[in-house]
Number of protein chains: 2
Amino acid sequence: MAKDVVPEEARRRRRPTRQGTVLSEKLIVETALRMVREHGSAGLSARRLGAALGADPSSLYRYFEGMDGLTLAIGEELIGRALAGWSPTGRWRDDLRALGLRIHGAYLAHPQAALLTASRVTGRPREIAADEAILGILRGAGFGDEDAVRIYHAYIDQSLAFAALDAGPLALSAEARASDEERWESTYARLPADAYPNIAATAGLLAARMPHSAYPVALEMLLDTAERQLADAGA
Amino acid sequence: MAKDVVPEEARRRRRPTRQGTVLSEKLIVETALRMVREHGSAGLSARRLGAALGADPSSLYRYFEGMDGLTLAIGEELIGRALAGWSPTGRWRDDLRALGLRIHGAYLAHPQAALLTASRVTGRPREIAADEAILGILRGAGFGDEDAVRIYHAYIDQSLAFAALDAGPLALSAEARASDEERWESTYARLPADAYPNIAATAGLLAARMPHSAYPVALEMLLDTAERQLADAGA
DNA sequence: GAGTTAAGGTCAATGGTGTTGGCATAAGGC
DNA sequence: GCCTTATGCCAACACCATTGACCTTAACTC
């Protein structure tokens, strides 16, 4: 059988593969992340990952419960990377902006994992640490508990939601992504102005803006409203 | 060959399949939507869809350019359902709020399909109609072209992003979803108050709020900022 | 060091997937 | 009623994840 997964800490015998590499959970996750980044959405498969590691594909099942388990492990790694090395400045708006962009960026660096991971509540240590930090920033800024929770919820969900949305195109094959982007020029720019006056009037602006993430703008709008609510409450 | 796709309008000969069904783009999309809803997004495959239609899988390639094309058609159908029966009131903020909630709702009615399609640009008629309507509302409200495009982008992406995020839990089985929600009470509410003071202080509020969508709050915050920018520009 | 155990490799097979080239047949225009 | 060809079907290809059986050898015991 190939399905008895041994937790990493309990591993004792590290037998090298036929091609000489010594497997470990860490090595597998890092190799998987690299493959996803370099070869795109279609790049990650048990067979290819095995080949890249110099091991039989079935060896992976000694470390993870199927490819799904592997992607969850990758998700944990992403959260870790988003928070690694971050520390608050004490200016709440700057802190929330920086943290949001970090989370968004860490997920976008690995779109496939982002798509599978972004909408799940793991309850694991690093996720809890992030939640605690965000709530701390808001409450430290002077928001009441109710406001802090409401804004925290909109803030974290918006960050993850945009991460997943923006990851979508990146997770496509290169051709599919190119044709999605091109559509803004090929289809939208050529619509008849009488039937679609508003698109026609803004076609150039649309083609320039749509291929980029709207997250920074949406984040700033959210922070704007939060800041005003804080000022109103204080006044 | 099985790859010359004929647009629906140009179709003339409607030859029934061996099992007697008469294929059409509409029938295929509706069947696919039903399959996705009943068996999850992983349950949709060319072979199974073919079987459900009483047709050979390869017949689908006469209607769509691969499964990816079918995915785009499903997204188009969802947008169409969101817009069906909607008409503007002339009050821009009310219109944008209503339209956003409609889009969000239409996608959530088919969570699995939403996960599949929310991040795709289809360039098809009904999606274009939605874009034209939103841009029209903004420009009609008095926003300049640049502002209109910027707000449009943040608005539409926010709607779709939250639709996809909120669809995630709904696409899970009932038990898995319940355990996700419960985690806010079981895990977060029991964290030590000294290590996690902010979570501990707001645990009750979190448990009450987190299981619901943050989209209405985030949408309102976006509209708030837009309204203020309009007022500032006009003043 | 020799013997034993089982972790952790490999191999081969199963049943799934999207996709395509070639073929057959019937629908619709004449 | 004939002809053309759109459109359905078949068979095949190359890939995929996963698993059960088998084998090698690291690590522990004496």
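The exercises below, each with a worked solution, concern a predicted model.

**Exercise 1. Relation of the two chains**

Find the turn and shift that lay chain B on chain A, and name the relation.

Solution. Two copies of a chain are related by a rotation about an axis and a shift along it. Here the turn is 178 degrees and the shift along the axis is 0.8 Å. With these, chain B is laid on chain A with an RMSD of 2.1 Å. That is therefore the relation of a two-fold axis. To place the axis in the structure, look for Ala161(B): of the residues of chain B, Ala161(B) comes closest to the rotation axis, with its C-alpha at 2.4 Å.

**Exercise 2. The contact between chains A and B**

Describe the side of chain B that touches chain A by its elements and residue classes.

Solution. Begin with the count: chain B gives 48 residues to the contact, and chain A gives 48 residues. Next, assign elements. On chain B, at least two residues each come from α6 (125–141), α7 (145–171), α8 (174–186), α9 (197–209) and α10. The most come from α7(B), with 16 residues. Then sort by class: this side of chain B has 25 nonpolar, ten polar and 13 charged residues. Last, compare the copies. Of the interface residues of chain B, 98% are also interface residues in chain A, so the copies meet through the same surface.

**Exercise 3. Packing of the α10 helices**

Determine how α10(A) is oriented to α10(B), and list the residues that meet.

Solution. Two packed helices are described by the angle between their axes and the distance between the axes. For helix α10 (residues 215–234) of chain A and helix α10 (residues 215–234) of chain B, the angle is about 85 degrees and the axes are 8 Å apart. An angle of 65 to 115 degrees counts as roughly perpendicular, so α10(A) is roughly perpendicular to α10(B). From α10(A), the residues in the contact are Ala218(A), Met221(A), Leu222(A), Asp224(A) and Thr225(A). They meet Ala218(B), Met221(B), Leu222(B), Asp224(B) and Thr225(B) of α10(B). By class, this contact has six nonpolar, two polar and two charged residues.

**Exercise 4. Surfaces near the DNA strands**

For each DNA strand, give the closest residues and the classes of the surface near the strand.

Solution. Take DNA strand D. Of the 31 residues around it, Ser45(A), Ala46(A), Ser58(A), Gly66(A) and Ser58(B) come nearest. The elements giving two or more residues are α2 (46–53) and α3 (66–83) of chain A. The classes are ten nonpolar, six polar and 15 charged.

Now take DNA strand C, which 33 residues surround. The closest are Asp56(A), Ser45(B), Ala46(B), Ser58(B) and Gly66(B). At least two residues each come from α2 (46–53) and α3 (66–83) of chain B. The classes are eleven nonpolar, six polar and 16 charged.

Definitions and conventions. Residues numbered from 1 in each chain as written. Chains lettered and ligands numbered in written order. Predicted model: local features only at pLDDT ≥ 70, side-chain atom pairs only at ≥ 80, totals over all residues. Near = placed C-beta within 6 Å. Helix = DSSP H or I, 4+ residues; strand = E, 2+ residues; numbered from the N terminus. Nonpolar A, V, L, I, M, F, W, Y, C, P; charged D, E, K, R; others polar. Axes fitted to C-alpha atoms, helices over the stretch in contact; angles between N-to-C directions. Parallel < 35°, antiparallel > 145°, perpendicular 65-115°, else oblique. Contact = placed C-beta atoms within 7 Å. Least-squares fit on C-alpha atoms with pLDDT ≥ 70 in both.
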